[in-house]
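Open your viewer, switch to a cartoon view and keep the selection tool at hand. We will go from stop to stop, selecting as we go.

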Amino acid sequence: MTPADGRRGYEDPISPTADGRLRREGPAAGGRLGRKGPMSPADGRLGHEGLAAMVAGRRVWLCDLDGTLVDSAPVHAAAFRAAIGELAPSALGSFRYDAHAGATTREVVAGLGVGGDVAERLVRRKQRLYREYVEAGRVASFPGAGRLLDRLTSGGRTAYLVTSGSRGSVERVLAACSLGGYFSGVLTGDDAPSGKPDPAFYRHACERWSVDPDDAVALEDSEHGVASAVGAGLVTLQVNAAEPAAGATQVRDLDEIVDFLGRGVNGSE
């Protein structure tokens, strides 16, 4: 959420494909972490039984969007770079999207050192470009996103979306990726006074929906997102990340979560 429109804990070079879509190059472009099979304690991660025991009895899942459920980081990065190139070209050379993953668009722009009318125009231009890219089909859900949300909701759990993204961008992504119907509520960067990594963002979500943190699991990808969730006292799973963030339990990908939930260890299936 974006997240808002920023996320992910990495940024690989972006290049256009023959059909005009954006392609991320580098290690993150394929296989994510280059691993197969369940994680084990030997590599610093919990196995399926340990993961299932960690979330056992927790009926609410608070899910991030960008970089967690949808592969939007290359598109956010491209929109930022295009907008900065147009309106604040002197800031383009030092801009690295991965340093801002999880922050709102407005917070990212503030960090560029531009202000006044230019800053506001930059926010609007970036959001407009990103939404155009989404509508052009350049953002797709990660493998397992639909399966995970279906597993959660069909198994008696409640899923909420907690993203730093702007509401206009989030609504377009949910529609484009057919994910909107799974969530009982959506909190965006437009709905809270501060975004991630501030723990107040997740606290606001819990207060809004009367969620007890002891009954909830947060699902995140970026360091900013993890810091916000962990700071709010939430058990936090981190996916799609090359390096673990402090306080989170790292999981390879969304399909691994589907696998351990499907074992029924947590007593819901």
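## A guided tour

Start in the loop that runs between helix H6 (167-177) and strand E5 (185-187), and select glycine 181 there. Keep in mind that this is a predicted model. Is glycine 181 buried or exposed? With a relative accessible area of 79%, glycine 181 is exposed, since exposed here means over 50%. Now add leucine 149 to the selection: its C-alpha atom lies 9.5 Å from that of glycine 181, although 32 residues separate the two along the chain.

**Zoom out to the whole chain.** Colour by secondary structure and you will find nine helices and eight strands. The chain has 269 residues, and 51% of them count as buried. Switch on the surface for a moment: about 10700 Å² is exposed, with 48% of that supplied by carbon and sulfur atoms.

**Select residues 254-262.** This is helix H9, where Leu254, Glu256, Ile257, Val258, Phe260 and Leu261 are buried. What covers these buried residues of H9? The cover includes three strands and two helices worth highlighting in turn: strands E3 (60-63), E6 (216-220) and E7 (235-238), and helices H1 (48-55) and H5 (145-154). Before leaving, look at the N-terminal end of H9, which aspartate 253 caps: one of its side-chain oxygens is 3.3 Å from the backbone nitrogen of aspartate 255.

**Keep H9 and show H5 beside it.** Two packed helices are described by the angle between their axes and the distance between the axes. For H5 and H9 the angle is about 30° and the axes are 8 Å apart. H5 is therefore roughly parallel to H9, as angles under 35 degrees count that way. Their crossing is left-handed. Show side chains to see who meets whom: H5 brings Ala145, Arg147, Leu148, Arg151 and Leu152, while H9 brings Leu254, Asp255, Ile257, Val258, Leu261 and Gly262.

**Next, select helices H7 (199-208) and H8 (223-231).** Here the packing angle is about 55°, and the axes lie 7 Å apart. H7 and H8 are therefore oblique to each other. On the H7 side the contact is made by Pro199, Phe201, Tyr202 and Arg203, and on the H8 side by Gly225, Ala227, Ser228, Ala229 and Gly231. Turn the view to follow the crossing, in which H7 passes H8 in a right-handed sense.

**Move to strand E7 and pick glutamine 238.** This residue belongs to E7, and at 1% relative accessibility glutamine 238 counts as buried. Which backbone oxygen does the side chain of glutamine 238 reach? That of aspartate 221, at 2.9 Å. Beyond its neighbours within four places in sequence, the contacts of glutamine 238 include Glu220, Ser222 and Val226, and further along the chain Glu243, Pro244, Ala245, Ala248, Thr249, Gln250 and Val251.

**Last stop: serine 166.** Look for serine 166 in the loop between strand E4 (158-162) and H6. Serine 166 is buried, with a relative accessible area of 1%. Draw two distances from its side chain. One goes to the side chain of arginine 131, a polar contact of 2.9 Å. The other goes to the side chain of serine 169, a polar contact of 3.1 Å.

Terms used. Residues numbered from 1 in each chain as written. Predicted model: local features only at pLDDT ≥ 70, side-chain atom pairs only at ≥ 80, totals over all residues. Heavy atoms only, no water. Buried < 20%, exposed > 50% of the residue type's maximum accessible area, 1.4 Å probe, protein only. Helix = DSSP H or I, 4+ residues; strand = E, 2+ residues; numbered from the N terminus. Contact = heavy atoms within 4.5 Å. Polar contact = N/O pair within 3.5 Å; in protein donor to acceptor, adjacent residues only side chain to side chain. Areas by Shrake-Rupley, 256 points an atom, 1.4 Å probe, with all protein chains shown as cover. Axes fitted to C-alpha atoms, helices over the stretch in contact; angles between N-to-C directions. Parallel < 35°, antiparallel > 145°, perpendicular 65-115°, else oblique. Left-handed = near helix turned anticlockwise from the far one by under 90°.
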